[in-house]
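Biologist: I would like a close look at one helix packing in this model. Please describe the contact itself and then place it in the rest of the chain.

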Amino acid sequence: MTTTTPTPTTGDTSADRTLGFLRIRTFRGAARPVRHVPGADAATDPYVLLGLHTEGRATLGGPDGTEVCLPGDVFLRDGARPLTLEETEEFELHLVHVPYRALALTDRQARDLAGRAPFADGTVAPLLGPLLSEIAGAEPGPPSRAALRSAGAVADLVALLAVEDTGPGSPQDGQDREALVRRLRAYVDANLRDRNLTPATVAEAQHISIRYLHKLFEGRGSTVGRWIQHRRLEEARRELARPARGDITVAAVARRWGFASATHFSRSFRTAYGMSPSDWRDGRTRPAEGPGAGRR
């Protein structure tokens, strides 16, 4: 279990709450260190640690140096790494666990974001700060759709912070996307025979959200699910056309390339190529019989 530990001081207070998929902890009190110590959950369910410093002044420490944190500053750090804030005066601090799985970001983008200086200006931080302050101060209640929507709004704003400087049209952003798409397609190709291969399992294996996975394929002429089926059909068609495989059954090929049934495979094959799998196989693997071959 991850712990965030303040050094006790008379009059200090802290509060914990859950909002949708977010875990929020609030600290108030006199000057002292506040330390974040990652637990086993940081490995099993990676997250970024989102902080909002609403009152006071602190030095934000970590393995890579220190930054000054002022009232209104928003910061992010890798939840798997220790963190220390040296609060130098009366303060209020909100720390929020935002799981990677909720962010429309690659792992690399999330790590890069967690290494940047505290945010105060720009277009996103002035929106994120007040939202965090409001939800951290609200009365706790049972899980609800409103709570999930609020948590989703926080996650969306965090993701926007990652592209605020570079923008979705920047060369670096384009290079990152293309590299990720190539990796996704390579993963699909390597797992085509797995019947459990779906957009959800692809996103999970690549540590990105399903929403971001679909976004990556927008404008490419295909959805993720259609791309998986297209690649399966291509490989099945190649296998059926091999001369040495003239005796292989359509059902066996369908099973080998991850189709749920021979019927589904045959229907999809005919839709894609305009003929049945058996006609395609026979036309490619049956040897010619000399003049007049093929006449009935």
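**A helix pair and its surroundings**

Modeller: Helix 8 (residues 224-241) packs against helix 10 at an angle of about 90°, and their axes lie 11 Å apart. Angles of 65 to 115 degrees count as roughly perpendicular, and helix 8 and helix 10 are therefore roughly perpendicular to each other. The model is a predicted one, and the values here are computed from it.

Helix 8 brings Gln229, Leu233, Glu234, Ala236, Arg237 and Leu240 to the contact. From helix 10 come His264, Phe265, Ser268, Phe269, Ala272 and Tyr273. By residue type, the contact of helix 8 with helix 10 has 7 nonpolar, 3 polar and 2 charged residues.

Threonine 263 also belongs to helix 10, which spans residues 262-273. The relative accessible area of threonine 263 is 52%. Exposed means over 50%, so threonine 263 counts as exposed. Its C-alpha is 9.5 Å from that of valine 250, and the two residues are 13 apart in sequence.

Now the wider chain. There are 296 residues, of which 42% count as buried. The chain has 11 helices and 10 strands. Among contacts with a separation of 6 or more, 70% are between residues 24 or more positions apart. The exposed area of the chain is about 15,500 Å², and 52% of it is supplied by carbon and sulfur atoms.

In soluble globular proteins, nonpolar side chains tend to be buried together. The largest nonpolar core in this chain has 33 residues, and the members that touch the most others are Leu22, Leu50, Leu128 and Val154. At least two residues of this core come from each of strand 3 (22-29), strand 5 (47-55), strand 8 (73-78), strand 10 (91-99), helix 2 (107-114), helix 3 (125-137) and helix 4 (145-163). Helix 4 gives the largest share of this core, with 9 residues. Leaving aside residues up to four places away in sequence, valine 154 touches Leu22, Leu50, Leu128, Leu131, Leu132 and Ile135.

A second core, separate from that one, has 30 residues, including Ala236, Trp257, Phe259 and Phe269. This leads back to the helix pair: Ala236 of helix 8 and Phe269 of helix 10 are both among the residues that make the contact, and both are members of the second core.

Key:
Residues are numbered from 1 along each chain as its sequence is written. This is a predicted model: local features need pLDDT of at least 70, side-chain atom pairs count only at pLDDT 80 or more; totals for chains, interfaces and linings use all residues. Side-chain values use heavy atoms; hydrogens and water are left out. Helices (H or I, at least four residues) and strands (E, at least two) are DSSP runs, numbered from the N terminus. Buried means under 20% relative accessible area, exposed over 50%, partly exposed in between (1.4 Å probe, protein chains only). A nonpolar core is a set of buried Ala, Val, Leu, Ile, Met, Phe, Trp, Tyr and Cys residues joined through side-chain atoms within 4.5 Å. Contact means heavy atoms within 4.5 Å. Axes are lines fitted to C-alpha atoms, for helices over the stretch in contact, and angles run from 0 to 180 degrees between N-to-C directions. Angles under 35 degrees count as roughly parallel, over 145 as roughly antiparallel, 65 to 115 as roughly perpendicular and the rest as oblique. Ala, Val, Leu, Ile, Met, Phe, Trp, Tyr, Cys and Pro count as nonpolar, Asp, Glu, Lys and Arg as charged, and the others, Gly among them, as polar. Accessible areas come from the Shrake-Rupley method with a 1.4 Å probe; for residues, only the protein chains shown count as cover.
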